[in-house]
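Biologist: I would like a close look at one helix-helix packing. Please set it against the rest of the chain and say how far the model can be trusted there.

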Amino acid sequence: MKFEGNKTQGSLQENTDAEVFLALKAGQPQALAILYDRHVGLVYGIAYKVLGNAAEAEDLTQDIFLNLTHSSFDPQRGSLRTYLGILVRSRCLDRLRSWRNRQRSLERGKVELQAQGSFSRDPSLEQLSQTERLEEVQTALAELSESQRQILKMAYYEGMSQSEIAKQLNLPLGTVKARARRGLLRLRQRLDPKMGGPS
C-alpha cells in the first residue's frame, strides 16, 4: 500500500507524530502517508507475528491505517507508536477469536450433521428392513411341509437341540436331522436370492 503526498508533505515530515496525526484529523491526507511510512513496519510486524499469515497481516495493516482518521487516539495520553501497537494486538486477537468461533461453529455443524445422519439411518430404516426380512422368513416357512416347519421352529424359536426334538416328537434322530436339513435347504433356496446371497 502506498499513500500519495503533496507539496505540504515536506513540511509535515519535520513534525512529531502527534502533530502529524492532528494534521490528518484536520483533513490533510498527506499526513497519512507520513504516519504510514513511520509505523508500517511496527503494525505489519505485530500483525504477522500474531496472525502468522502475510495476507491477513497486510489486510489488517491497511485497515488500521485507513481508519486512523476515525480512531480514538489522544496525543495527550501517550505516543502514537504505543497506541498503534496496542491497537494492532487488539485487532489481531479479535480476528483470532473470530476464526476460532467460526471453526467451532463448523465443528458443531459437522457433529450435528453426523448425528442427524445416524438418526436417519438407525431406527426407522433398520426397523423397516428387519420387518421385511421377518415377513420373508415367515412366507418361506409357510411353504415348507408341516413336519419340516415344526422341527425348524422348535430348533430356532425354542432353542431345542435335534436330540430334544427327536425325543419330544418321538421320532428317530436321523429323521429329525434329515427333515431339518431338507427344510433349511428349501429356506435357503427361497431366501438367498432376495437377500443377495448365492442362489
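Modeller: What follows starts with the model and its confidence, then turns to the packing and ends with one loop residue.

This is a predicted model, in which local features need pLDDT of at least 70 and side-chain atom pairs count only at pLDDT 80 or more, while totals for chains, interfaces and linings use all residues. Residues are numbered from 1 along each chain as its sequence is written, and side-chain values use heavy atoms, without hydrogens and water.

The chain has 9 helices and 0 strands. Helices here are DSSP runs (H or I, at least four residues) and strands are E runs of at least two, numbered from the N terminus.

Confidence comes next. pLDDT is the predictor's confidence in each residue, from 0 to 100. Its mean over the chain is 82, and 85% of the residues reach 70 or more. Among the elements, H3 has the highest mean pLDDT, 95, and helix H6 (residues 123–142) the lowest, 74. Residues 1–7 stay under 50, with 13 contacts beyond four places in sequence; a contact means heavy atoms within 4.5 Å. Residues 194–199 are also below 50, and this stretch has 4 contacts beyond near neighbours in sequence. Where pLDDT is low, the predicted coordinates should not be read in detail.

Now the packing. Helix H3 (residues 30–51) packs against helix H4 (residues 54–66) at an angle of about 145 degrees, and their axes lie 8 Å apart. Axes are lines fitted to C-alpha atoms, for helices over the stretch in contact, and angles run from 0 to 180 degrees between N-to-C directions. The crossing is right-handed: the near helix is turned clockwise from the far one by less than a right angle.

From H3, the contact residues include Leu-32, Leu-35, Tyr-36, Val-40, Val-43 and Leu-51. H4 brings, among them, Ala-54, Ala-57, Leu-60, Ile-64 and Phe-65. The contact divides into 14 nonpolar, 2 polar and 2 charged residues. Ala, Val, Leu, Ile, Met, Phe, Trp, Tyr, Cys and Pro count as nonpolar, Asp, Glu, Lys and Arg as charged, and the others, Gly among them, as polar.

Across the chain, buried residues make up 26% of the 199. Buried means under 20% relative accessible area, exposed over 50%, and partly exposed in between (1.4 Å probe, protein chains only).

One loop residue deserves a look. Asn-170 sits between helix H8 (162–169) and helix H9 (173–195). Its phi is near 55 degrees, a positive value in a residue other than glycine. Most residues other than glycine have a negative phi. Asn-170 is exposed, with a relative accessible area of 70%.
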